[in-house]
Amino acid sequence: RGWGLIFTRDDRVLSLLNELVYLMLVYSNVDAVLAYYNGVLSACGQQSISGTWAIRGYVFIGFPLAIILGFGCGLGAVGLMFGQCIGKLCHTVPCIFATWRIDWPAEAERATARMSEALPILAAAPAAATLGAARCGAA
């Protein structure tokens, strides 16, 4: 209730906040875990795994469940939030398993190969930046 008083004095809003706060904590904590695993998958070039599970988790599971619980079962905002929490979990858990299954020695080899391809380009980059600055009259 204390945090809610920062924003409003409306007792209906404060009561709803009391009902939702724990679901919102679950949602935000699971989202933080998901952000970590999404970063790992993206760095490995496997962001399509996360994208696929995002569609499955939110569109096919979380959203319909939120609508059913919120409106069909009469749970209102609590049902809507609960459905979204389930959708977030349905996105996060497969991303965790996908990250655990990454072949890290193979990823290290791919990263090394990418860097050896990029080094000549990176070595030429300062010269290109100097040329660009000279054209603009800054050098």
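This is a short walk through the helices, salt bridges and surface of one protein chain.

Okay, thanks everyone. Before anything else, keep in mind that this is a predicted model, so everything I quote is computed from predicted coordinates.

Let's start with the overall layout. The protein has four helices and zero strands, so to speak in shorthand, α-α-α-α when you read along the sequence. There are 139 residues, and 23% of them are buried. If you take contacts between residues at least 6 apart in sequence, 65% of those join residues at least 24 apart. For the surface people: the accessible area comes to about 9,300 Å², and carbon and sulfur atoms account for 70% of that.Now helix 2, which runs over residues 47–72. Which residues of helix 2 are buried? The list is Ser-50, Ala-54, Gly-57, Gly-62, Ala-66, Leu-69 and Gly-70. Those buried residues pack against helix 1, residues 11–43, and against helix 3.

Gly-62 comes up again for another reason. Helix 2 has a kink of about 35 degrees at Gly-62, and the proline Pro-64 follows shortly after that kink. Then, once helix 2 is over, you reach Gly-74, with a positive phi near 75 degrees.

Sitting beside Gly-62 in the numbering is Phe-63, also part of helix 2. Leaving out neighbours within four places in sequence, Phe-63 is in contact with Tyr-58 and Gln-84. There's also a pairing with Gly-87 to look at: Phe-63 and Gly-87 are 24 residues apart in sequence, and their C-alpha atoms are 7.2 Å apart in space.

Staying with helix 2, let's look at the outside. Ile-55, Val-59, Phe-60 and Ile-61 make up a nonpolar patch on the surface. Together they have about 380 Å² of accessible area. One of them, Ile-61, has a relative accessible area of 34%, so Ile-61 counts as partly exposed.

On to helix 3, residues 77–100, and the residue I'd like to spend some time on, Lys-88. Is Lys-88 buried or exposed? Lys-88 is buried, because its relative accessibility is 5% and the cut-off for buried is under 20%. So what does this lysine have around it? Setting aside neighbours within four places in sequence, Lys-88 is in contact with Tyr-27, Val-30, Asp-31, Leu-34 and Tyr-58.

One of those contacts is a charged one: the side chains of Lys-88 and Asp-31 form a salt bridge, at 2.7 Å from N to O. Lys-88 is in helix 3 and Asp-31 is in helix 1, so this pair ties together parts that are 57 residues apart in sequence. The two partners differ in accessibility class: Lys-88 is buried at 5%, whereas Asp-31 is partly exposed at 33%.

Also in helix 3 is Thr-92. What does the side chain of Thr-92 reach? It's the backbone oxygen of Lys-88, at 2.8 Å. Thr-92 has a relative accessible area of 3%, so Thr-92 is buried. Again leaving aside neighbours within four places, Thr-92 is in contact with Val-30, Val-33 and Leu-34. If you put the two contact lists next to each other, Val-30 and Leu-34 turn up for Lys-88 and for Thr-92.

How many salt bridges are there in total? The count is three. You've had the one between Lys-88 and Asp-31, and here are the others.

There's Arg-12 with Asp-10, where the closest N and O atoms are 3.3 Å apart. Arg-12 is exposed, with a relative accessible area of 68%, while Asp-10 is partly exposed at 27%.

And there's Arg-110 with Glu-107, whose side chains meet at 2.1 Å, N to O. Since some of you will want to look at that N to O distance yourselves, please do remember that the model is predicted. Both residues belong to helix 4, residues 104–135, and they are three residues apart, about one turn of the helix. Arg-110 is partly exposed at 41%, whereas Glu-107, at 8% relative accessibility, is buried.

To recap the places to click on: the kink at Gly-62 in helix 2, the nonpolar patch that includes Ile-61, and the salt bridge between Lys-88 and Asp-31. That's it from me.

Methods:
Residues are numbered from 1 along each chain as its sequence is written. This is a predicted model: local features need pLDDT of at least 70, side-chain atom pairs count only at pLDDT 80 or more; totals for chains, interfaces and linings use all residues. Side-chain values use heavy atoms; hydrogens and water are left out. Helices (H or I, at least four residues) and strands (E, at least two) are DSSP runs, numbered from the N terminus. Buried means under 20% relative accessible area, exposed over 50%, partly exposed in between (1.4 Å probe, protein chains only). Contact means heavy atoms within 4.5 Å. Patches are made of residues with over 30% relative accessible area and no salt bridge: like charges are joined within 9 Å, nonpolar side chains (Val, Leu, Ile, Met, Phe, Trp, Tyr) within 5 Å. Accessible areas come from the Shrake-Rupley method with a 1.4 Å probe; for residues, only the protein chains shown count as cover. A salt bridge is a side-chain nitrogen of Lys or Arg within 4 Å of a carboxyl oxygen of Asp or Glu. A polar contact is a pair of N or O atoms within 3.5 Å; within protein, one must be able to donate a hydrogen and the other to accept it, and residues adjacent in sequence count only if both atoms are side-chain atoms. The bend at a residue is the angle between axes fitted to the seven residues ending there and the seven starting there.
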